[in-house]
Amino acid sequence: MIYGTCTTASKSLSFKTLVLQKSFNFRVQFFSNCSPKKLRMDNNLNCSIEGNKKGSRGALVVLEGLDRSGKSSQCTRLVNYLEGQRISAELWRFPDRNTDVGKMISAYLTNTSQLDDHTIHLLFSANRWEKRSLMETKLKSGTTLIVDRYSYSGVAFSSAKGLDIEWCKASEVGLLAPDLVAYLDISPEKAAERGGYGGERYEKLEFQKKVAESYKAIHDVSWKFVDAFQPIEDVEKQLQEIVFDCVTECQKGKKPLSLLWSK
Ligand SMILES: Nc1ncnc2c1ncn2[C@@H]1O[C@H](COP(=O)(O)OP(=O)(O)O)[C@@H](O)[C@H]1O
Ligand SMILES: Cc1cn([C@H]2C[C@H](O)[C@@H](COP(=O)(O)OP(=O)(O)O)O2)c(=O)[nH]c1=O
């Protein structure tokens, strides 16, 4: 590890351009208006600035998609990538089956319990609410969260069963809004051909087709659609680029956290 000192980041530009990029030809995160910081450089010459400037925070990144679209694989790869860039990152997933609520959800998904559609919807929401405050603490302390499914799964899956979309959203209002939603786009038929399909309650082609329609109904222009039928490494590369940009924006400290369904 090599350490240097960043002395000129306060007035816009040029530290990275004039000194670092030109002389050494590598990429360094640049932050305007920050006090002098230590630069941390790894063996690949990836460089980051230690410490958080005021308002700097981690990014809330959500991966959504049909069952078997590749979310879990890509979430793991993303966290590894970010850690390689010296960006603090954690992998989260919903449902979180470790909590008491999560255990009820897991029993439902594995068909060992039966629940009314409204009830299971509210349990999925509760499972997010019980993690909300920890989520906020982590983000504010500078940790980026890569989240495998979030509110949009809640709304897409429940509304695919016929529940009213606005009713489905209501229990999600006030949860933290993601900085980025990446949708792993694959047809239900192609997803169904992938390994391990068929074990849990929702892993049925006809139902997944309805879920795909629900996702179409709830997405907005801010979502990034990534073709999930590409080779796994190509999906990974594309995600790395959009996630890195998002994390950089959040590190700048000019983007406060916002709340779900307020946009
Ligand atoms: N781009 C891809 N191309 C081919 N197979 C993939 C790709 N992404 C994931 N897979 C495989 O598909 C299966 C489901 O992937 P997974 O990441 O568990 O999806 P999800 O979390 O969305 O259910 C796994 O066997 C995984 O290895
Ligand atoms: C987070 C969430 C997931 N789900 C569904 C989607 C999945 O079919 C199932 C379990 O999610 P998950 O364990 O992520 O399944 P997979 O890895 O196959 O994508 O729960 C909901 O119905 N509502 C929700 O709020």
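Helices (H or I, at least four residues) and strands (E, at least two) are DSSP runs, numbered from the N terminus.

## Basis

This is a predicted model, in which local features need pLDDT of at least 70, side-chain atom pairs count only at pLDDT 80 or more, and totals for chains, interfaces and linings use all residues. Residues are numbered from 1 along each chain as its sequence is written, chains are lettered from A and ligands numbered from 1 in the order in which they are written, and side-chain values use heavy atoms, with hydrogens and water left out.

## Ligand 1

The shell around ligand 1 holds 13 residues (near: a heavy atom within 4 Å). Arg68, Lys71, Ser72, Ser73 and Gln230 are the closest. Helix α2 gives the most to this shell, with three residues. By class there are four nonpolar, five polar and four charged residues (nonpolar: Ala, Val, Leu, Ile, Met, Phe, Trp, Tyr, Cys and Pro; charged: Asp, Glu, Lys and Arg; polar: the others, Gly among them).

Polar contacts (pairs of N or O atoms within 3.5 Å) link ligand 1 to Lys71, where a polar side-chain atom lies 2.6 Å from a ligand oxygen. A backbone N or O atom of Gly70 is 3.0 Å from an oxygen atom of ligand 1, and a polar backbone atom of Gln230 is 2.9 Å from a nitrogen atom of the ligand. Taken alone, ligand 1 exposes 560 Å², of which the protein buries 70% (Shrake-Rupley method, 1.4 Å probe).

## Ligand 2

Ligand 2 has 16 residues around it, and Asp67, Lys71, Arg97, Arg128 and Arg149 come nearest. The shell comprises six nonpolar, two polar and eight charged residues. Its largest share, three residues, comes from α5.

Oxygen atoms of ligand 2 lie 3.0 Å from a side-chain N or O atom of Lys71, 3.2 Å from one of Arg93 and 3.0 Å from one of Arg97. The protein covers 94% of the 550 Å² of accessible area that ligand 2 has on its own.

## The largest pocket

A pocket is an open set of points on a 1 Å grid over the protein atoms alone, where a 1.4 Å probe fits, with protein on both sides within 12 Å along at least five of seven lines; lining residues have an atom within 4 Å of a point. Ligand 1 sits in the largest pocket (more than half of its atoms within 2 Å of the grid points), and the space taken by ligand 2 is also the largest pocket.

The volume of the largest pocket is about 600 Å³ (the space filled by probe spheres set on the points, joined across faces, edges and corners). Among its 31 lining residues, Asp67, Arg68, Lys71, Arg93 and Arg149 are closest to the centre. The largest share of the lining, four residues, comes from α2.

Key: A polar contact is a pair of N or O atoms within 3.5 Å; within protein, one must be able to donate a hydrogen and the other to accept it, and residues adjacent in sequence count only if both atoms are side-chain atoms.
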